[in-house]
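Colleague: I would like to learn how to read a model like this one, feature by feature. Could you take me through it?

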Amino acid sequence: MSDPMRIRAQSAGDKATVRVLMSHEMETGLRKDGAGKVIPAWFIQEVAAQLNGKTVMTAQWGPAVSKNPFLQFSVKGAKAGDKIAITWTDNKGDKRTDEATVS
Amino acid sequence: MTTRRQMIFRSAQLGAMLATLGFLPGAAQAQAAYNAAAFEAKNMAELMKAFGASTPTESKDVTITGPDIAENGAVVPIGASTALPGAKRMLLLVEKNPSVLSAVFDVSDAVDANFSTRVKMGQSSNVFAVALMADGKVLYAVKEIKVTLGGCGG
Amino acid sequence: MLKILSLLAMAVLSTAALAQQKSAADGIAEYRAMLADGNPAELFEARGEDLWKKKRGPKNASLEQCDLGKGPGVVKGAFVELPRWFADTGKVQDLESRLLTCMETLQGLDAKAIAATPFGKGEQVGMEGLTAWISAESKGMRFNLPQHHTQEKVTYELGKRTFFYRAGPYDFSCASCHAQAGKRIRLQDLPELTKNPGDGVGFAAWPAYRVSSGEMWSMQRRLNDCYRQQRFPYPGYASDVTVALGVYMGVNAKGAQSVAPALKR
Amino acid sequence: MYKIKTLLSVAALLSMAGCALTQPGPNYAELVKQMMDGSFRNEGIANTDRLTQDQANAACSEAQGANPPDAVVEAIQQAALKSVRMPSDGKFTGDWREGEKLAQNGRGMTWTDKTALPKDNGGNCLNCHQVTKEELSYGTLGPSLYHYGKDRGVLDPESPEARPIVEYTWTKIYNAKAYNACSGMPRFGHAGLLDEKQMKDLMALLLDPKSPVNR
């Protein structure tokens, strides 16, 4: 089971800045372990953000995104009390969704 | 300082890169499907040879953010943004990584074309923010980031 | 404009190397500032808080009654007073050796087995979270280790001697790198640990998330890697040497503000 | 741990009784030794016999950053000077390019290293010294070595004129305690960290006029 994300969504004016930390290895598939065996690639491929249930942003990532990824973006028209949900899907098909309230 | 000649070369190079990645207009694709081929593009030399279709233009309206020096290539904070209307997608590229493409963000009416993340860099490299515009234009900004310690080692 | 400025700086400074060096330092400061917002240590804090409250082990108990020095269950402020002497064990303990005691007495877990587990594996993964969360609960507070009990004073003296103990193939001691102000190893600034090196520096900066490896490092792990680079043999997890060094550095850091869990190269 | 506790309580008893007998406090030297023995274990190539101190390390540890007594300093330096073996073929310098690689290489002798052989050890120079103008990632624990040979007027390191500085430099690398009893620098020759060829390559890096150190 993956660890929960840390999502902070702060409104300022007519938009909210969303900062997300995800718990993920983001293994490139290019590294070798101590025994010289290649560590298989394991990384988040897709990220989606929803504002009150409506998709507002999608992204595709490669393994070059750092371990325990950070993401920041701004949602227009989001105000305090609105719900921001983030979903990631990795190359093994694992998926995780977490939600935060805009403050 | 960048000479005009270097600029043309760089544009061509980026065009080839993007063409191979399948992100240039004409190489339309489904929004949601994961573009595995794009993320697998490994060989820059090969990409540079393939002089491609339309030429991306360096634009002051696109911004690449990042540090001048990264203490550790395992985590390099970078961002792509533009205030221009009509940006459909924002791309973050690291020229000298085994795969040049790091991340693609789809812009909607509900979000700013302004995204930040952190990427791995194996060595010092040019980093590109590319904006794919609704009218077919491809605009970019470039910045060199020096890495004191690579982030792709074993 | 910037380019012109730096050119001017080069002309003013006696050597170009000096100017280059300065801009490298500025660049790295800028890099660190960009990473400060959004420290992945937060992910570990969340895991640690859950683990503290979770019932587990043969006794199916949580750690919520664990006494970290300020009474059973008191977490806030405990971190900046550790290591300290504990009456129930009759020992001076740091955060991690104390957690081992609590895991054994409250939850019935095998402290020896946990201490023997390599970093980043099994129960040690839980330790990363616990130390991240417990230190975060004292973030911004100032170090104030007690030095009342005889054993606390004796342990400080032992820690001091340990700090200056030169041995191994390179003749290194902790003091080889950490007894002077303003020094670097490669580009890394070295905290001067024989006194208070300042807020959020040295003892006041661990546990920390290491961007180089994407790992959460507790003070025990930090000390372990110091000894590796010192070319010493392997210090046991929560062993007396590591606790004594903790007392020495912690007492010296009196008044320093804790920024743990921090973000490090 | 049990042993330490016993020692501590014995020490406490002694110090209590000490008021009358003017005994010193706890025997810290013995306590530290006990604590070290109880805390470290063998791992990889790093065995606990590494904790054993020779005269120099014992005296410099005891001094806690200050200088040991003059007589002790003199004895350490004399012993160190005697330990130095000059190159077997009388030639002091090798290839500065190899020397630069060694200077950059910070590996060796840790419990994660495979062997303790010189071939697997780096010179670790950049950890503590500036070496060239180009490499910005250098430490400052030791003095800058940039222009080391140039500043000392070395035009040909194998010439008779250069001999005193060349021998001094060799000695410094071989056993730095010969000139500074509590030097922070590893004893590369004396401790068997680097072999003769590697030390010659470092010599070339420092003294060869063509080396980036002297350009």
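Colleague: Let me start with a residue that caught my eye. Where in chain D is Tyr179(D) found?

Modeller: Happy to help, and keep in mind that this is a predicted model. Tyr179(D) sits in the loop that joins α8 (163-174) to α9 (196-207) of chain D.

Colleague: Which nonpolar surface patch does Tyr179(D) belong to?

Modeller: Together with Leu81(D) and Tyr168(D), Tyr179(D) makes a nonpolar surface patch of about 250 Å².

Colleague: And why does Tyr179(D) count as partly exposed?

Modeller: The label depends on relative accessible area: under 20% is buried, over 50% is exposed, and partly exposed is in between. Tyr179(D) has a relative accessible area of 34%, so Tyr179(D) is partly exposed.

Colleague: Let me try that on another loop. Where does Leu30(A) lie, and why is Leu30(A) called partly exposed?

Modeller: Leu30(A) is in the loop between β2 (15-21) and β3 (44-51) of chain A. Its relative accessible area is 47%, so Leu30(A) is partly exposed as well. You can also look at Leu30(A) beside Pro40(A): the two are ten residues apart in sequence, and their C-alpha atoms are 7.7 Å apart in space.

Colleague: What does the rest of chain A look like?

Modeller: Chain A has zero helices and seven strands, so to read its element order from the N terminus you simply follow β-β-β-β-β-β-β. Along the principal axes, the C-alpha atoms of chain A fill a box of roughly 55 × 20 × 20 Å. Of its 103 residues, 49% count as buried.

Colleague: How many helices and strands does chain B have?

Modeller: Chain B has three helices and nine strands. Reading from the N terminus, the order is α-α-α-β-β-β-β-β-β-β-β-β. Buried residues account for 56% of the 154 residues in chain B.

Colleague: Now to charges. What is the general idea behind a salt bridge?

Modeller: Side chains of opposite charge can pair when their charged atoms come close. Over all chains, this structure holds 38 salt bridges. One of them pairs the side chains of Asp98(A) and Arg96(A), at 2.7 Å from N to O.

Colleague: Are Asp98(A) and Arg96(A) buried or exposed?

Modeller: Both Asp98(A) and Arg96(A) are buried. For a pair in a helix, look at chain C, where Arg222(C) and Asp225(C) form a salt bridge at 3.8 Å, N to O. Both lie in helix α9 of chain C, three residues apart, or about one turn of the helix. Arg222(C) and Asp225(C) are buried too.

Colleague: What about Glu43(D) and Arg41(D): how far apart, N to O, are their side chains in the salt bridge?

Modeller: The side chains of Glu43(D) and Arg41(D) meet at 2.5 Å, N to O. Glu43(D) has 27% relative accessibility and therefore counts as partly exposed. Arg41(D), at 39%, is likewise partly exposed.

Colleague: Which residues are linked with Arg8(A) in a network of salt bridges?

Modeller: Arg19(A) and Asp37(C) are linked with Arg8(A) in that network.

Colleague: Last topic: how does one find empty space inside a model?

Modeller: Rolling a probe the size of a water molecule over the atoms shows where empty space is left. In this structure the count comes to three cavities of 30 Å³ or more. About 170 Å³ of space lies in the largest cavity.

Colleague: Which residues lie nearest the centre of the largest cavity?

Modeller: Of its 17 lining residues, Phe79(C), Asp94(C), Leu95(C), Phe203(C) and Met219(C) lie nearest the centre. At least two lining residues each come from α4 (95-105), α9 (219-229) and α10 (240-252) of chain C, and α9(C) gives the most, with three residues. By class, this lining has ten nonpolar, five polar and two charged residues.

Colleague: And how much space lies in the second largest cavity?

Modeller: The second largest cavity holds about 60 Å³ of space. Its lining includes Glu96(C), Phe119(C), Arg221(C) and Tyr237(C). Helix α6 (residues 123-136) of chain C supplies the largest share of that lining, three residues. The classes here are four nonpolar, three polar and three charged residues.

Methods:
Residues numbered from 1 in each chain as written. Chains lettered and ligands numbered in written order. Predicted model: local features only at pLDDT ≥ 70, side-chain atom pairs only at ≥ 80, totals over all residues. Heavy atoms only, no water. Patch = residues over 30% accessible without salt bridge, like charges linked within 9 Å, V, L, I, M, F, W, Y side chains within 5 Å. Areas by Shrake-Rupley, 256 points an atom, 1.4 Å probe, with all protein chains shown as cover. Salt bridge = Lys/Arg side-chain N within 4 Å of Asp/Glu carboxyl O. Helix = DSSP H or I, 4+ residues; strand = E, 2+ residues; numbered from the N terminus. Buried < 20%, exposed > 50% of the residue type's maximum accessible area, 1.4 Å probe, protein only. 1 Å grid on protein atoms, 1.4 Å probe; cavity = no way out; pocket = protein on both sides within 12 Å on 5 of 7 lines; lining within 4 Å. Points joined across faces, edges and corners; volume = space filled by probe spheres on them. Nonpolar A, V, L, I, M, F, W, Y, C, P; charged D, E, K, R; others polar.
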